[in-house]
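Morning, everyone. I have one structure to go through today, and I will keep it short.

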Amino acid sequence: MPRLFTQQDSIQPFVLLIFGATGDLAKRKLFPALYNLYRDNFLNKEFAVIGVGRTEMEISQFRLFIKESISEFGRLPLQEGAEWERFAARFDYIAFDITEPDAYTSLLAVVEERERKTNLMGNRMFYLAISPQLFGTVSNSLERSGLTNTAGWKRLVVEKPFGHDYASAKMLNEEIKCSFTEEEIYRIDHYLGKEMVQNIQVIRFANFMFEPLWNNRYIDNIQITASETVGVEDRASYYDCTGALLDMVQNHMLQMVMMVCMEPPGRLNTEAIRDEKVKVMHALRRYNEEEVDRHIVRGQYTAGEGGQGVVCAYREEPNVNPASITETFVAARLFIDNFRWAGVPIYIRTGKRMQKKVTEIVIQFKALPNRLYFNKNDDVAPNLLIFRINPREGITLLLNAKKQGTDSQVVPIGMEYCNDCGDASPEAYESLLHDAILGDPAFFTRWDEVSLAWKFIDPIRRTWDKNSRAPEEYPAGTWGPAESNEMILNDGRRWWTGEDIIKNRKTIKAVERPKY
């Protein structure tokens with residue numbers, strides 16, 4: 001469960017080794033997150049960070065690189081002078097080929113020297129901000145070199161993607177577990193570090209008004225949208241081999257499904273929470289080849305109006321195969337086949353070059369059977385609970401009420417809570433780095449979550465690879481291919497977008513359910 005950050009006097013000293021320390025992830029996320037935690041007093045006063053990379057550079061150059069990354073991407077402004085010097089002094093850098101096992105001896109010497117100087121107690125965290133193909137190589141080299149042989153704790157943090165299918169993920173997991181136990185492996189999904197994703201559980205389980213309604217008796221459908229206005233940018237070589245299914249659905253989208261649909265945990269501890277998430281994945285209906293075509297839509301953007309004017313088609317992007325059939329959009333109708341959610345469709349959609357950048361979860365409640373107060377021809381909006389995750393954070397509850405100055409005219413009204421209208425919320429990487437340092441893996445993914453996600457995704461991928469059919473096209477700057485709308489409209493429903501709902505709440509048109 002989300003909980004308040006613990007102040008530095010309860011956090012143990014540690015040394016953090018970042019592999020890929022000169023890469024984009026470290027620059028944009030890790031160094032700013034560490035600086036924000038330091039400024040907010042959420043790190044022990046004794047800690048050290050050792051960057052590892054291929055690029056030869058002096059320590060002074062590395063610290064300048066960190067300074068520039070914080071200035072450009074940090075949530076908090078960089079403080080010059082003595083405060084910055086104290087922070088920068090905690091960083092070292094060593095360049096070597098991480099595929100060469102003998103090179104780790106020099107790294108061990110640097111770590112041990114740092115620990116002797118600052119009494120770091122032997123607590124070591126290894127962050128692999130590198131290609132997933134190297135996870136096994138590096139983790140085994142850490143063990144053979146003695147870097148994992150320490151009197152303190154040791155933890156391994158790895159990024160997605162964890163494999164490219166179930167077989168590769170299982171092989172990678174077995175490699176890593178030769179050097180680290182499951183309890184020492186922290187698989188990051190940064191969506192789980194987002195404030196409003198973590199808030200889903202609190203809203204559900206700390207409010208009696210919601211939990212009794214959180215089932216198929218009262219909820220009509222659930223919608224999860226994660227859309228981007230940008231294209232593939234500088235990730236084309238990676239993305240063209242991956243696509244939206246593996247880049248977003250296998251991890252981020254399914255994690256949000258788990259958070260929304262899990263049962264209340266018996267205790268507020270890490271394993272109890274993770275156990276309930278895994279039960280959702282066991283109950284998630286898997287599709288055969290025929291069902292994939294009926295329940296899942298894949299799309300690819302063509303040229304159109306983007307946020308900065310006319311943009312090119314996906315196949316015209318640099319480093320993309322001109323004949324590529326990689327999907328940049330996925331929409332799906334999912335079902336959780338258990339007692340709570342039987343019959344409730346869960347609609348998900350994610351894509352690039354869409355109309356808006358938004359991540360949100362919409363809970364649509366069922367309509368009342370006896371429509372008191374409503375005229376026969378009225379268009380009445382359903383009750384909606386909306387978790388706004390990005391770019392604005394907050395919660396909106398949409399209700400029906402009497403329009404002021406009328407006898408019985410009903411209009412939808414929105415009750416809104418804004419989570420980031422004051423100070424900016426901590427970034428997801430701040431929260432997750434802090435949790436890893438504390439040794440709290442509640443919002444990291446366990447192996448059985450990963451394996452079950454791949455077992456759901458693999459048949460879909462095989463079906464698409466087998467039929468070799470091109471994705472449905474959609475112009476950049478739209479909400480995806482027409483087939484996505486048809487899928488949900490055929491169910492008598494429509495896609496909701498929270499921002500549009502609040503902006504136009506007096507003119508919302510409800511879609512009539514089919515009569516059976």
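I will take the annotation, then one strand residue, then the salt bridges, and end with the cavities. Bear in mind throughout that this is a predicted model.

Start with what the record says. An unreviewed UniProt entry carries the annotation "domain: Glucose-6-phosphate dehydrogenase NAD-binding", and it covers residues 18-199. In the model, that span is 44% helix and 15% strand. The C-alpha atoms at its two ends lie 29 Å apart.

Next, a single residue, Q364. It sits in strand β13, which runs over residues 358-365. Is Q364 buried or exposed? Its relative accessible area is 11%, and the cut-off for buried is under 20%, so Q364 counts as buried. As for what surrounds the residue, leaving aside residues up to four places away in sequence, Q364 touches I219, D220, N221 and Q223. It also touches P382, N383 and L384, and finally W496.

Now the salt bridges. Side chains of opposite charge can pair when their charged atoms come close. How many salt bridges are there in this model? The count comes to 37. I will show three pairs and one network.

The first pair is R28 with D24, where the closest N and O atoms are 3.0 Å apart. Both residues belong to helix α1, residues 24-39. Because they are 4 residues apart in that helix, about one helical turn separates them. R28 has a relative accessible area of 42%, which makes it partly exposed. D24, at 44%, is partly exposed as well.

The second pair is K277 with E449, at 3.1 Å from N to O. This one links distant parts of the chain, with the two positions 172 residues apart. K277 is in helix α10, residues 270-283, and E449 is in helix α13, residues 447-467. What are the relative accessible areas here? K277 comes out at 0%, so it is buried. E449 comes out at 1%, so it is buried too.

The third pair is D491 with R333, and their closest N and O atoms are 2.9 Å apart. Again the pair links distant parts of the chain, 158 residues apart. D491 lies in the loop between α14 (482-489) and α15 (498-503), while R333 lies in strand β11, residues 329-334. Both D491 and R333 are buried.

Then there is the network. Which residues are linked in it? They are E271, R274, D275, R446 and D448, joined by salt bridges.

Last, the cavities. The structure holds 3 of them at 30 Å³ or more. The largest cavity has about 160 Å³ of space. It is lined by 16 residues, and the closest to its centre are D189, Q250, N251, T445 and V450.

Which element gives the largest share of that lining? That is α9, with 5 residues. Helix α9 spans 243-261, and both α9 and α13 supply at least two lining residues each. Recall that α13 is also the helix that holds E449 of the second salt bridge. By class, the lining of the largest cavity has 7 nonpolar, 4 polar and 5 charged residues.

That is the end of the tour. I will take questions now.

Conventions. Residues numbered from 1 in each chain as written. Predicted model: local features only at pLDDT ≥ 70, side-chain atom pairs only at ≥ 80, totals over all residues. Heavy atoms only, no water. UniProt positions renumbered as here; feature names shortened; annotations may be inferred. Buried < 20%, exposed > 50% of the residue type's maximum accessible area, 1.4 Å probe, protein only. Contact = heavy atoms within 4.5 Å. Salt bridge = Lys/Arg side-chain N within 4 Å of Asp/Glu carboxyl O. 1 Å grid on protein atoms, 1.4 Å probe; cavity = no way out; pocket = protein on both sides within 12 Å on 5 of 7 lines; lining within 4 Å. Points joined across faces, edges and corners; volume = space filled by probe spheres on them. Nonpolar A, V, L, I, M, F, W, Y, C, P; charged D, E, K, R; others polar.
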